[in-house]
Amino acid sequence: MRKYLDEKKTELSAVICNHCKKELLVENGILKEGCLEINTSFGYFSKKDGQNHSFDLCEDCYDAMIAKFRIPVDSTDIKEFL
């Protein structure tokens with residue numbers, strides 16, 4: 001869950017893990033911890049047709065979630081951070 005200082009959502013004030021409620025480190029509007037941000041819209045043929053869902057997971061909750069996957073996630077090393 002993201003909180004902003006203004007209504008236009010231009011300056012980030014806090015990020016809270018939707019699963020464990022851990023508040024992640026945000027300094028000067030910059031998130032300084034690993035976080036999975038999901039923002040998805042469900043379309044036709046979905047049980048959630050027309051709904052938009054968004055949430056954040058801290059790195060520990062992300063790791064716990066993917067540990068349960070029957071097909072592992074693909075992981076590659078990034079050579080340059082942009």
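Which side chains meet in a salt bridge with an N to O distance of 2.9 Å? They are the side chains of Asp56 and Arg2. This report starts from that pair and then moves outward. Keep in mind that the model is predicted.

**Around Asp56 and Arg2**

Asp56 sits in strand β7, which covers residues 52–58. Arg2 belongs to strand β1. The two residues are 54 places apart, so their salt bridge links distant parts of the chain, with the term salt bridge covering a nitrogen and a carboxyl oxygen within 4 Å. The side chains of Asp56 and Arg2 also count as making a polar contact, again at 2.9 Å.

Is Asp56 buried or exposed? Its relative accessible area is 3%. The limit for buried is under 20%, so Asp56 is buried. Arg2 has a relative accessible area of 25%, and that makes Arg2 partly exposed.

What surrounds Asp56, once neighbours within four places in sequence are set aside? Asp56 is in contact with Met1 and Arg2. The list also includes Val15, Ile16, Cys17 and Asn18. Cys35, Leu36 and Glu37 complete it.

**A shared partner**

Arg2 has another salt bridge, this time with Glu37. The N to O distance for Glu37 and Arg2 is 3.5 Å. Glu37 lies in strand β6, residues 35–41, and Arg2 in strand β1. These two residues are 35 apart, and this pair too links distant parts of the chain. Glu37 is partly exposed, at 48% relative accessibility.

**Lys22 and Glu33**

Elsewhere, Lys22 forms a salt bridge with Glu33. Their closest N and O atoms are 3.0 Å apart. Lys22 is in the loop between β2 and β3 (23–24), while Glu33 is in the loop between β5 and β6, so the pair ties together parts that are 11 residues apart in sequence. Lys22 is partly exposed at 34%. Glu33 is partly exposed as well, with a relative accessible area of 29%. Back at the start of the report, salt bridges that share partners join Arg2, Glu37 and Asp56 into one network.

How many salt bridges are there by the rule used here? The count comes to 4. Three of them are listed below, including the pair from the opening.

| Salt bridge | Closest N to O distance |
|---|---|
| Asp56 and Arg2 | 2.9 Å |
| Lys22 and Glu33 | 3.0 Å |
| Glu37 and Arg2 | 3.5 Å |

**Cysteines without disulfides**

How many disulfides does the model hold? The count is 0. Take Cys17. The closest cysteine sulfur to its own is in Cys61, at 3.7 Å. A disulfide needs sulfur atoms within 2.5 Å, so the sulfur of Cys17 is too far away for a bond. Cys20 is in no disulfide either. The nearest cysteine sulfur to Cys20 is also that of Cys61, 3.7 Å away.

Cys17 and Cys20 have unlike surroundings. Cys17 is buried, at 2% relative accessibility. Cys20 is partly exposed, at 39%. Cys17 has already appeared above, as one of the contacts of Asp56.

**Two residues with positive phi**

Most residues other than glycine have a negative phi. Which residue has a positive phi of about 55° although it is not a glycine? That residue is Lys9. Lys9 is found in the loop between β1 (2–4) and β2 (12–16). Its relative accessible area is 58%, so Lys9 is exposed.

Asn28 is not a glycine, but it has a positive phi of about 50°. Where is Asn28? Its place is in the loop between β4 (26–27) and β5 (30–31). With a relative accessible area of 76%, Asn28 is exposed.

**A nonpolar patch**

Now turn to the surface. Which residues form a nonpolar patch there? They are Met65, Phe69 and Val73. Together these residues have about 230 Å² of accessible area. Phe69 lies in the segment after α1 (59–66). At 39% relative accessibility, Phe69 is partly exposed.

**Looking back**

Trace the network once more in the structure. Start at Arg2 in strand β1 and go to Asp56 in strand β7. Then return to Arg2 and go to Glu37 in strand β6. Asp56 is buried along this route, whereas Glu37 is partly exposed.

Methods: Residues are numbered from 1 along each chain as its sequence is written. This is a predicted model: local features need pLDDT of at least 70, side-chain atom pairs count only at pLDDT 80 or more; totals for chains, interfaces and linings use all residues. Side-chain values use heavy atoms; hydrogens and water are left out. Buried means under 20% relative accessible area, exposed over 50%, partly exposed in between (1.4 Å probe, protein chains only). A polar contact is a pair of N or O atoms within 3.5 Å; within protein, one must be able to donate a hydrogen and the other to accept it, and residues adjacent in sequence count only if both atoms are side-chain atoms. Contact means heavy atoms within 4.5 Å. Patches are made of residues with over 30% relative accessible area and no salt bridge: like charges are joined within 9 Å, nonpolar side chains (Val, Leu, Ile, Met, Phe, Trp, Tyr) within 5 Å. Accessible areas come from the Shrake-Rupley method with a 1.4 Å probe; for residues, only the protein chains shown count as cover.
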